[in-house]
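Opened the notebook for a fresh look at this one. Overall dimensions come up before the details.

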Amino acid sequence: MPKGYWVSIYRTTSDPEKLAAYNKLAAPAVKAAGGRTFVRGGRVVAYDAGIAERTVLIEFDSFEQAVAARESAAYQEALVALSDGVERDFRIVEGLD
């Protein structure tokens, strides 16, 4: 079964305190949903139309599990804390089998 991945690219961070509050809630919500964080920040080299900003990559055992984690009550609480603190490109993608 193909794995599911959350891919987030943070275009801008306008409120670091909101991002910190989000991180405090999101990390346990992701872990409880079976997510494994592979990339969170760190060095980035961008090519073509890429953005050399904070990048997050989280793996789940399936695409369905990744979607369910995003929709979970615990993660929704984290999103409320984040609100307008960042502008990011967030997507859920299915891996190769």
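What radius of gyration would a compact globule with 97 residues have, and what does the protein have? I got 13 Å for the protein, which agrees with the value near 13 Å for such a globule (C-alpha atoms; rule: 2.2 Å times the number of residues to the power 0.38).

Notes on the source: this is a predicted model, where local features need pLDDT of at least 70 and side-chain atom pairs pLDDT 80 or more, while totals for chains, interfaces and linings use all residues. Residues are numbered from 1 along each chain as its sequence is written, and side-chain values use heavy atoms, without hydrogens and water.

Next I checked the fold: the elements run β-α-β-β-α-α-β from the N terminus (DSSP runs; helices are H or I of at least four residues, strands E of at least two, numbered from the N terminus).

Then I went to helix 3 (residues 73-82), where I found Tyr 75, Ala 78, Leu 79 and Leu 82 buried (under 20% relative accessible area, 1.4 Å probe, protein chains only; exposed is over 50%, partly exposed in between). They sit on the same side of helix 3 because they cover an arc of only 100 degrees around the axis (directions from the helix axis to the C-beta atoms). Ala 73 and Val 80, on the other side, are exposed. The buried residues pack against strand 1 (4-13), helix 1 (16-32), helix 2 (63-71) and strand 4 (86-94), with contact meaning heavy atoms within 4.5 Å.

Last entry: just after helix 3, I noted a positive phi of about 35 degrees at Ser 83.
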